[in-house]
Amino acid sequence: MAVQPKTLVPGVTPAVDAASDLAFRKGFTTNSWFAIGHFETEEGETLDFLHHLILTVLPDSTEISYSALTLTNSTTGQHIAQEDLFPAAMSTVETDRFAVAMPTGSMSGDLDRIRVSATVDGATLDITLAQREGVIFNGGTGRFPLLGMDVRQYSLPRMEASGTITIGERVYNVTGGEGWFDRQWQNQPALLQGRWTWIDLNLSSGDRISLWDVVDAGGVENAWATILQPDGTQLVVPVEPTSVGASDVWLSPLSGQRYPTKLTVRIPSLDAEIEVRATVREQELGNDPRLAHYEAASTMSGTFRGRPVTGFGFIEHVADWH
């Protein structure tokens with residue numbers, strides 16, 4: 001079984017169980033499974049993928065399924081994105097084990113090995129994520145408040161990605177890639193009042209960081225990060241608002257929403273200042289403008305604990321940056 005993390009806070013007990021909570025959780029309106037990966041191709045190109053599955057219940061009690069896939073070649077600038085909504089009857093989900101299947105994507109497995117598959121127009125993904133070590137319990141325990149929601153979330157940030165990605169006629173063999181898996185569930189209101197930014201930072205120092213930056217309906221911004229350190233311990237630390245210095249704003253022609261494509265992550269307690277920049281500006285998931293949000297493969301560089309670092313990850317913006 002995958003190694004559970006230690007904690008630097010004596011007496012803190014996780015509010016979630018990473019193994020049993022991997023499967024669908026009844027009694028919540030939203031169940032989410034999110035997998036991302038990063039690797040170098042045999043030709044020296046950089047390729048990132050994102051696959052996201054959501055089962056949700058709408059305010060009128062309608063049950064729907066959501067599947068999204070993005071593939072970004074940061075070297076060539078090629079970006080493929082597709083999201084699909086289906087009636088829940090078109091999907092299957094097990095309740096005693098982790099297995100979710102939708103018409104365009106599926107995920108299954110356990111903490112040690114997760115199979116991630118998707119097929120969209122012009123591309124297929126068939127990846128296995130194998131756990132190395134460590135779990136991030138977001139917020140310290142895996143349970144925290146977010147825009148009026150009581151959120152449960154944990155992350156498996158150190159996974160090895162292997163398998164194949166096909167784009168058109170071209171097949172990429174993935175070996176030794178980096179993977180991150182995220183599990184989240186909550187009861188979600190009919191309308192979110194506010195916006196958030198989430199970033200996974202995979203740093204050359206070996207640190208793995210899950211960062212939340214939330215702006216409520218009153219405009220109050222709160223940012224924090226949960227850090228899995230190389231020795232397996234985790235920290236929860238405040239982060240300066242990423243809105244400070246956010247730049248290179250891209251205006252989506254489809255949704256009309258604005259997304260900053262360059263952010264600076266500053267963590268004073270760890271002498272950290274890291275520039276995060278989307279590798280391709282146009283990385284909106286917006287087949288349906290009502291669901292439009294930003295999921296951008298990104299590069300990172302700066303300092304962490306006063307030492308130079310580089311890294312990679314994704315910027316996620318949900319709702320408009322006014």
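**Two pockets and a buried glutamine**

Strands S1, S2, S3 and S5 (92-93) each supply at least two residues of the lining of the second largest pocket. The structure is a predicted model. This briefing covers that pocket, then the largest pocket, and finally the residue Gln283.

**The second largest pocket**

- The second largest pocket holds about 180 Å³ of space.
- Its lining consists of 14 residues, and Phe24, Leu55, Thr56, Val57 and Glu63 are the closest to its centre.
- Strand S2 gives the most to this lining, with three residues.
- Sorted by class, the lining of the second largest pocket has seven nonpolar, six polar and one charged residues.

**The largest pocket**

- About 1200 Å³ of space lies in the largest pocket.
- Its lining is made up of 39 residues, with Gln188, Leu192, Trp196, Leu291 and Val318 nearest its centre.
- Strands that each supply at least two residues of this lining include S1 (30-40), S2 (46-57), S3 (63-73) and S13 (170-186).
- The lining of the largest pocket has 20 nonpolar, 12 polar and seven charged residues.

**Gln283**

- Gln283 is placed in the loop between strand S20 (272-278) and strand S21 (284-285).
- Gln283 counts as buried because its relative accessibility is 1%, and buried means under 20%.
- The side chain of Gln283 reaches two backbone atoms: the oxygen of Val280 at 2.8 Å and the nitrogen of Ala297 at 2.9 Å.
- Leaving aside neighbours within four places in sequence, Gln283 is in contact with several residues, among them Thr72, His79, Trp250 and Tyr294.

Note on methods:
Residues are numbered from 1 along each chain as its sequence is written. This is a predicted model: local features need pLDDT of at least 70, side-chain atom pairs count only at pLDDT 80 or more; totals for chains, interfaces and linings use all residues. Side-chain values use heavy atoms; hydrogens and water are left out. On a 1 Å grid over the protein atoms alone, a cavity is a set of points where a 1.4 Å probe fits but cannot get out, and a pocket is an open set with protein on both sides within 12 Å along at least five of seven lines; lining residues have an atom within 4 Å of a point. Grid points are joined across faces, edges and corners, and a volume is the space filled by probe spheres set on the points. Helices (H or I, at least four residues) and strands (E, at least two) are DSSP runs, numbered from the N terminus. Ala, Val, Leu, Ile, Met, Phe, Trp, Tyr, Cys and Pro count as nonpolar, Asp, Glu, Lys and Arg as charged, and the others, Gly among them, as polar. Buried means under 20% relative accessible area, exposed over 50%, partly exposed in between (1.4 Å probe, protein chains only). A polar contact is a pair of N or O atoms within 3.5 Å; within protein, one must be able to donate a hydrogen and the other to accept it, and residues adjacent in sequence count only if both atoms are side-chain atoms. Contact means heavy atoms within 4.5 Å.
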